[in-house]
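Which charged side chains pair up in this protein, and where do they sit? Here is a brief report on its salt bridges.

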Amino acid sequence: CVNTEDYIVTCGIPLILIEDRIGQAIEHRDRTKLPMWVVFLDLDRFKFINDSMGHNIGDQLLVQVAHRMQAAVREVDTVARFGGDEFIIVLPGQTDETLMMGVLERIIHMVCQPMQINNQEIIITCSVGIAVYPNDGAKAETLIQHADIAMYRAKELGKNNFQFFTESMNEKVAERMYVENLLRHALAKNELEVYYQPKVDLETMQMVGMEALIRWNSPELGFVSPIRFITLAEESGLIVPIGEWVMRSACQQTVAWQNAGYAPLLMSVNLSARQFKQSNLVERIQNILKETGLEAQYLELELTESMVMTEVEASLQLLHEIKTLGIQISVDDFGTGYSSLTYLRNLPVETLKIDKSFIDLIAGDSTHAALIASIVDMSHVLGLAVVAEGVETPDQLRRLIDCHCDMFQGYVASKPLP
Ligand code: C2E
Ligand code: CA
Ligand code: CA
């Protein structure tokens, strides 16, 4: 892929040419009144493969995918690489839409077949969006944009599927942009606040720590759940200043409590994937500790497994640097991702937080309680302390005690509080 004057030259087709081809297909459709589709295809989890298996394998995979797509389309169709792992396919209609549907299904089917690269079998899936001319746009640019939006929707729906563009998707994008814009100013306008949820020791039933959780009170939108805006903040990069603000506030508050004479507590702060990728992260944390005067031993960072599973080497080094500062590290949401204790053994972490979805099942059938008990046992062997998240009932609490779980958080003790 060569980048010349912003036109990405790929598969021998510069971007300007794909726009030209769409232009031709539009003229053809205007004459014949036959349907015309612009298809946006994006590979699922390509970044993960690229990061974990190496760029050489990633490159070979892209080449194979391109060949497969070329083999799947008809002579009249055009395939272009749009950049990264994104492809555009122009399907001018010859007779009716069922034929085009056949082509589309063939492309997806071919892309998803296992491939052999360097003696390894790799299976990749793709998410696809389709914009139909003229309903979904009059120009190449709009059609590509709308096909891209539809592809995004396909990703949201769990990847490995296709979606036709609809006007409501556009409305969703507009709403996203509106919320993102409000969030951009939320920090400066003092609309963000940090809540704290106690973490309790299951043996002594004493509070041993807190988790800092962000809240957004927007005058325009009302209370917005972090579940809704954290993803948006991640995608837009706003999580970096916001996350830093949370960390600073939480450290300040911890020092204030210590100065007020309370027994020292461990303060846990969530670190987003985007922050974890910041080149000067360690320096920034160090500055916050210096500014607020908090001793490093009272700060804990919560990271998810998937964050450290990508770019493993670099992550490991970063974790060691964070550890050198004297900060603790815990793995959040265990049980929702890869959930590999063997893998965690290699990481410099001291705590594992079992996700609420796991804890919810503990009161049900006995196999679940046994499963949690064995996770706790294995964690202890690996030298990890275990925190149960989202504990809501005394019954769950009793069962966690039986499992020898170390700590818990949840509404049964307290909701997060201002
Ligand atoms: P998380 O880190 O897994 O945080 C735990 C979530 O579970 C919190 O949701 C908490 O309020 C909720 N929770 C705790 N106990 C219970 C319970 O007994 N029952 C139920 N139903 N829920 C319980 P919250 O505050 O809405 O935050 C959601 C997610 O947003 C967090 O999940 C975290 O991933 C993210 N988040 C929140 N604050 C921050 C932040 O400052 N930075 C980053 N990067 N992410 C944050
Ligand atoms: Ca957390
Ligand atoms: Ca969690």
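What follows covers the salt bridges of this predicted model.

**Count and selected pairs**

The model holds 22 salt bridges. Among them are the three in this table.

| Salt bridge | Closest N to O distance |
|---|---|
| Arg 228 with Glu 175 | 3.3 Å |
| Lys 189 with Glu 191 | 3.7 Å |
| Glu 389 with Lys 353 | 3.8 Å |

**Arg 228 and Glu 175**

This pair joins two helices. Arg 228 sits in helix H7, residues 226–236. Glu 175 belongs to helix H6, residues 167–186. The bridge therefore ties together parts that lie 53 residues apart in sequence. Arg 228 is partly exposed, at 44% relative accessibility. Glu 175 is also partly exposed, with a relative accessible area of 44%.

**Lys 189 and Glu 191**

Here the two partners fall into separate classes. Lys 189 is partly exposed, at 47% relative accessible area. Glu 191 has a relative accessible area of 8% and counts as buried, because the cut-off for buried is under 20%.

**Glu 389 and Lys 353**

Is this pair buried or exposed? Both Glu 389 and Lys 353 are buried. Their side chains meet in a salt bridge at 3.8 Å, N to O. Glu 389 lies in the loop between strand S18 (385–388) and helix H16 (394–402). Lys 353 is in strand S17, residues 351–354. The pair therefore ties together parts 36 residues apart in sequence.

Glu 389 and Lys 353 also belong to a network of salt bridges, which links them with Glu 211 and Glu 302.

Conventions: Residues are numbered from 1 along each chain as its sequence is written. Chains are lettered from A and ligands numbered from 1 in the order in which they are written. This is a predicted model: local features need pLDDT of at least 70, side-chain atom pairs count only at pLDDT 80 or more; totals for chains, interfaces and linings use all residues. Side-chain values use heavy atoms; hydrogens and water are left out. A salt bridge is a side-chain nitrogen of Lys or Arg within 4 Å of a carboxyl oxygen of Asp or Glu. Helices (H or I, at least four residues) and strands (E, at least two) are DSSP runs, numbered from the N terminus. Buried means under 20% relative accessible area, exposed over 50%, partly exposed in between (1.4 Å probe, protein chains only).
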